[in-house]
Amino acid sequence: MSNILVIYEIRDKNIKKVSFEATTAASHLSKQLSGKVSALLIGSNLGSLTEKPGVYGAEKVYTIDNPALEKHSPDVFAHLISETAKEIGATHIIMGATAMGKDIMPRVAFKLNSPLVQDIIGLEFENNKVSYQRPVIAGKLRSRVSLQSEIQLATIRPNIFQAQENKVSSEVVALSKDLPTPRVIVEEILATGGGKLDVTEAEIIVSGGRGMQGPDNWHLIETLAKTLGAATGASRAVVDSGWREHGEQVGQTGKTVSPNLYIACGISGAIQHQAGMASSKYIVAINKDPEAPIFKLADYGIVGDVKEVLPKLNEEVAKVRGE
Amino acid sequence: MNIAVCVKEVPDTETRPKIQDDGKSIQKDNIKWIVNPYDEYAIELGLQLSEKNGGEVTIISFGPKSIEPTIRSALAMGAHKAIRIEGPKDVADPLVTARALATVLKDKGFDLILFGKQAIDNDNAQIPQMISEALEIPGTSVVVKFELNGENAMVEREIEGGKEKLSFKLPAVISCQKGLNEPRYRSLKGIMMSKKVPIDEVNIELTNEKLIIEELQMPPQKQPGRIVGEGPDAVPELVRLLKEEAKVI
């Protein structure tokens, strides 16, 4: 019987949405494997957070609650996760493909000598084995992978698997574990621009390219993003020109994103950029050049100057949002 | 201070990959092979540290003899030594490569082991963290700032909506992200020097792969959309489509 362990990620006393998405994905898989779903919460002063995994289908909620775990140390967390997985006989371990998940899970994989597939966008049970789907070469290809191992690990890309409530009566089990001395200390978390939404987690992204004609015009992007509750992104050209920070770059040497709506403003659509955003559900392109490759990818396009189109777009969106 | 930089040969970012007949790997002909772009930030960091503190930078790469030109391209930035671990080009399971690398890195006494944050072909982002566990030394990933004070390192890594500031003692493993530095151009002198550096070949028994690629596919092609119109006049119709047809706003 399978036992799928979902590793929860807590930031600023809140559970990250991707943890619920992972629990839903695990619930679907566990039905096919006739198994169960467990959750593991590691942190300090967890309190009522332990009630949440049950809402999404976790029957057991394991907790490791210790004041020393307020900030995470990657090696300590990896130790606790692998010890817990062994103790409860986990067959699958799933976590969000976040900065934290992608750092910790390879460590767990090594400790358990079990393979890990990162950043999956599909999870199916077929021909008696679990099939994991993931983008490779920044999304230019898709890879279908199987893991030949008693314990299988995966990180799931945020925003792909929808979190669905599926309330079960869950049992909270507090585990007491000795903490090893951390090799790495997290000193502090520095939020940029008041904890701005990150492109990898946003449902809407407003992204700008060289067609914005300079960093001084970025307020047009930021205003629209604010109206939409969106994250702001950028093309490689403008990051390399120093107009925007690299954390915003979308594309092969930046981030690969899959929002519901991607609004490309003054971005021509080089193959490296397309690779990073082509899996967005809807794409809007605004560009002066009607021949720009981005229009081949866009669901809706407007040919025009971003400096004229964006203020109008913001105005119209604000109207619709106000209704 | 002795530094290892682990480097991978990958297809140039312009590449439009084609799938081989076996459906499991990409066609290797007509590809321009380059040093993984993220690895160049690691090489640059290694060179800056060795220029400041003395010591040598060793390029380490895993693959067949055909990757030697790419190793030389990495050396041409100014690195001092090179090791090639003999192995096939297509290893899908990062555990296998990490174990081979760990065997070579162990006992070599490197103060710092550097990687790019991920290779731009398989996008795994696994091996640096695995090496940290294999050697039981501090490690972190996606580093955008690195400061060294004696054997104490203070780094910043990119996280969602901000940065995480971490501290640890060397020896350590880190993976480097764009923004950390500006990789230098390869000078003519560097290119000439790189041709004289011997590449040590190491043979290691590889473990079995447990991650199996069953199939590679092209991503679903998007249907070309429509041009809603020109200029600001087209905006109301666009907003209507986004609200009523796409239902995304």
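In this predicted model, strand β13 of chain A, spanning residues 185–191, pairs across the chain boundary with β9(B). The two strands run in the antiparallel sense and are joined over six bridges. Within this pairing, A:Ile185 sits opposite B:Ser167 of β9(B).

The strand pairing is one part of a contact between the chains to which chain A gives 77 residues and chain B gives 68 residues. On the side of chain B that touches chain A, several elements supply at least two residues each. Among them are the helices α3 (94–105), α4 (127–134) and α6 (235–245) of chain B, and the strands β7 (139–149), β8 (152–159) and β9 (162–169) of chain B, along with β12 and β13 (226–230) of that chain. Sorted by class, this side of chain B holds 33 nonpolar residues, 19 charged residues and 16 polar residues.

Helices meet across the boundary as well. Helix α4 of chain A, covering residues 99–112, packs against α4(B) with the two axes 8 Å apart and an angle of about 50 degrees between them. The angle lies neither under 35 degrees nor in the range 65 to 115, which means that α4(A) is oblique to α4(B). The crossing of α4(A) and α4(B) is right-handed. From α4(A), the residues making this contact are A:Asp103, A:Pro106, A:Arg107, A:Ala109, A:Phe110 and A:Lys111; α4(B) answers with B:Gln129, B:Met130, B:Ser132, B:Glu133 and B:Ala134. In terms of class, the contact of α4(A) with α4(B) comprises five nonpolar, four charged and two polar residues.

A further link between the chains is found in an open sheet of four strands, with the order β8(A)-β9(A)-β10(A)-β12(B) and antiparallel pairing. At its edges lie β8 of chain A (122–126) and β12 of chain B (211–217), each of which pairs on one side only. From one strand to the next, the twist averages 30 degrees. Helix α1 of chain A, residues 17–33, packs on this sheet and touches β8 and β9 of chain A. The direction of α1 makes about 5 degrees with that of β8(A).

Taking a closer look at the chain A end of the sheet, β8(A) is paired with strand β9 of chain A (residues 129–136) in the antiparallel sense over five bridges. Here A:Leu123 stands opposite A:Tyr132, a residue of β9(A).

Methods
Residues are numbered from 1 along each chain as its sequence is written. Chains are lettered from A and ligands numbered from 1 in the order in which they are written. This is a predicted model: local features need pLDDT of at least 70, side-chain atom pairs count only at pLDDT 80 or more; totals for chains, interfaces and linings use all residues. Two strands pair if DSSP finds at least two bridges between them. Axes are lines fitted to C-alpha atoms, for helices over the stretch in contact, and angles run from 0 to 180 degrees between N-to-C directions. Two residues are in contact if their C-beta atoms, placed from the backbone, lie within 7 Å. Ala, Val, Leu, Ile, Met, Phe, Trp, Tyr, Cys and Pro count as nonpolar, Asp, Glu, Lys and Arg as charged, and the others, Gly among them, as polar. Angles under 35 degrees count as roughly parallel, over 145 as roughly antiparallel, 65 to 115 as roughly perpendicular and the rest as oblique. A crossing is left-handed if the near helix is turned anticlockwise from the far one by less than a right angle, and right-handed if clockwise.
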